[in-house]
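Here are my notes on the model you sent, set out as numbered points. They begin with the metal site and move on to the cavities and then to the strands.

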Amino acid sequence: MLRQEQNDLLTRTGPGTPMGQLFRSYWMPALLAEELPENECPPVRVKLLSERLLAFRDTDGRYGLIDEFCAHRGVSLWFGRNEECGLRCPYHGWKYDVTGQCVDVPSEPEESGYARKIKLKSYPLVKRGDVLWTYMGPPDKQPPLPEWEFALVPPEQTYTSKRLQESNWLQAMEGGIDSSHVSFLHRGDLHHDPLFKGAKGNQYNLSDSRPVFEVVESPGGLYIGARRNAEDGHYYWRITQWVMPSFTMIAPRGNHSLHGHFWVPIDDGTCWTWSFDYHPIRKLTEAEVQAMRDGKGVHAKVSPGDYRPVANKDNDYLMDRAAQKAGRTFSGVEGIAMQDASLQESMGPIVDRTKENLVSTDNGIIMARHRLLRAVKALTDKGTIPPGVDVEHQKVRSAAIVLPPDQPYKVGAKEALIARPGVAPASV
Ligand code: FES
Ligand SMILES: [Fe+2]
C-alpha cells in the first residue's frame, strides 16, 4: 500500500516532476531502429515522458529527436520535408538539423544570421542493437551509452519488439517483477508456448504454486528470487533482475532464449512495453524469430504503424470464455503478453495503491517502490546519480537454477547473475 502522495510521485513523469527527473537520468529505448529504416525516410512522432517530439534520420544517416513543433508558429514538423540534411517546415520553409538547430529561414536575408538564433529542444538519438536510445536529461550529466547484453550481442542472437500499453508505466513494471502470477495466469502457456515449453523448470513451476520469495538489493536494483521445491529436498530458484527504473529480466527456461522488458512512459496513462529475447551464445532459430513476430513468448501481435496490440481493450482482448473454462488459458486471453497487459490495463490508467492488500509474494514490488522513492529523494535533495545509470549495473542476467537447501541463491547463483560475453546462461 502507498499513501496517495507516494502513488502520485511514482506515477507522474512529465517535465519538472521528481519521477520525471529520475527517468531523465537514463538512456531509454525511444524507437525501434526499423521505424527509421533509411536516410531521408519519413519522420516519426514520438511522445516520451509527456513531451511531444519528432524523430528523423537525415540525408547523411544521422538520427535526431527534436521538439515536434516549429519554432516559427507551432506547426507540427511531422508534415516536414526531410531533405538536404534537415527537416523543412512545409508552412514557411524554416529548416532544422538533427540537433534542432535552425539552419534556414528563407524569408529573412541570410546575412541577418536570424536562423542561428533559433534552436528547438533536442535530445541525442543513438542506435544500439535494434533500438534507438535517447537521453532526455541535462547534457552535462549524460552517462555513457547503455550496455545491456541484449543490445550488444550479434544481431542474429537478438530480437526486440515494442507494444503500446494503455496504463501507467508502474503497474506494468510491477507485473514484470511479480513472478507468483506465472503459476496462475500463464499456467496454460508453460505447456503450449513454443518459446517456453519443454523446460524441466516448468514442472517445478506448475507443481508448486506457493513460491517463497527472497528479495535482496543488487547494485542497480533488486534480485527477486522465487523458490520452489525440486527433487531430494533441493530448491528450484527463479531469479528475476530488476534494474532501475524499469528494466526487468525474467528467469529463463531450458535452452530457450533469455527475455525481459523495459517500460517507458509515453505519458502518465500510457507507456511503451519493450520486450527483448536474446541468447548469449547462439543464434536464434528461424522458428524462434517467427514465433516472436507472431506474438508468442513475451511478445504481442501488434498493428503495423502504431504498435497497438491486435487484442486490445476495444475488443475485450478477444476474450475466449470457452478456452478459460477448458483451462487452455487461465484467464481466457491468448498469449503471455496480452494476459499481462489486459489485467494491468483493467486496473485503470493509474491504479489506486492506497486500496491494495499486499501479501508476502508482493515483496519484490514493495521493495522496488521503496528503492524508487529513496532514489528520487536522493536525486532531488542531493543530486545523487541513481542506481542503474552506471553501465556496470546493466551487465546482468536472470537465472533459473537448482541449489542445495542450505545454499543462499546470492551465493549459489552469484556468477550466473552477471552477463559475461560468450558464457552460457544458467537455465533449467
Ligand atoms: S510555422 Fe514552420 S515555418 Fe512557419
Ligand atoms: Fe506475466
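1. In this predicted model, the iron ion (ligand 2) takes its protein donors from His181 (NE2), His186 (NE2) and Asp340, the last of which appears twice through OD, and these donor atoms lie 2.1 to 2.3 Å from the ion. Along the chain the donor residues follow the spacing H-x4-H-x153-D. His181 sits in the loop between helix 4 (169-176) and helix 5 (187-192), whereas Asp340 belongs to helix 9 (residues 336-346), so the pair ties together parts that are 159 residues apart in sequence.

2. The geometry of the site deserves a careful reading, since the angles among the four donor atoms of the iron ion (ligand 2) run from 58 to 147° and the site is classed as irregular. Four donors would count as tetrahedral if all angles lay between 85 and 135 degrees. Please bear in mind that water is not among the atoms, so sites may look incomplete.

3. Are the metal-binding residues His181 and Asp340 buried or exposed? His181 is buried, with a relative accessible area of 16%, and Asp340 is buried as well, at 15%.

4. The structure holds three cavities of 30 Å³ or more, and the largest of them has a volume of about 270 Å³. Its lining comprises 23 residues, and those nearest its centre are His181, His186, Ile250, Ile336 and Asp340, among which His181, His186 and Asp340 are also donors of the iron ion (ligand 2). Two or more lining residues come from each of helix 4, strand 15 (235-243), strand 17 (258-265) and helix 9, with helix 9 giving the most, namely four residues. By character, the lining of this largest cavity divides into ten nonpolar, eight polar and five charged residues.

5. The second largest cavity contains about 150 Å³ of space. It is lined by 21 residues, of which Tyr26, Trp27, Trp148, Pro245 and Phe262 are the closest to its centre, and the elements that contribute two or more residues to this lining are strand 1 (27-32) and strand 17. The lining of the second largest cavity has 18 nonpolar residues, three polar ones and no charged ones, while that of the largest cavity includes five charged residues.

6. Strand 3 (residues 51-57) has six of its seven residues buried, so it is largely enclosed by the rest of the structure. Strand 2 (residues 44-48) runs antiparallel to strand 3 and is joined to it by five bridges, with Val44 standing opposite Ala55. Strand 4 (residues 63-67) is likewise antiparallel to strand 3 and joined to it by five bridges, and here Leu54 stands opposite Ile66.

7. Both connections of strand 3 are hairpins in which a residue with positive phi can be named. In the hairpin of strand 2 and strand 3, two residues lie between the strands, and Leu49 takes a positive phi near 50°. In the hairpin of strand 3 and strand 4, five residues lie between the strands, and Gly61 in the turn has a positive phi of about 85°.

8. A separate point concerns an open sheet of four strands, ordered 5-6-7-8 with antiparallel pairing. Its edges are strand 5 (81-82) and strand 8 (102-104), each of which pairs on one side only. Strand 7 (residues 95-96) pairs with strand 8 over two bridges, and Tyr96 stands opposite Cys102 in strand 8.

Conventions. Residues are numbered from 1 along each chain as its sequence is written. Chains are lettered from A and ligands numbered from 1 in the order in which they are written. This is a predicted model: local features need pLDDT of at least 70, side-chain atom pairs count only at pLDDT 80 or more; totals for chains, interfaces and linings use all residues. Side-chain values use heavy atoms; hydrogens and water are left out. Donors are N, O and S atoms within 2.8 Å of the metal (3.2 Å for Na, K and Ca); water is not among the atoms, so sites may look incomplete. Four donors count as tetrahedral if all angles lie between 85 and 135 degrees; four count as square planar and six as octahedral if opposite donors are over 155 degrees apart and all others between 65 and 115; anything else is irregular. Buried means under 20% relative accessible area, exposed over 50%, partly exposed in between (1.4 Å probe, protein chains only). On a 1 Å grid over the protein atoms alone, a cavity is a set of points where a 1.4 Å probe fits but cannot get out, and a pocket is an open set with protein on both sides within 12 Å along at least five of seven lines; lining residues have an atom within 4 Å of a point. Grid points are joined across faces, edges and corners, and a volume is the space filled by probe spheres set on the points. Ala, Val, Leu, Ile, Met, Phe, Trp, Tyr, Cys and Pro count as nonpolar, Asp, Glu, Lys and Arg as charged, and the others, Gly among them, as polar. Two strands pair if DSSP finds at least two bridges between them.
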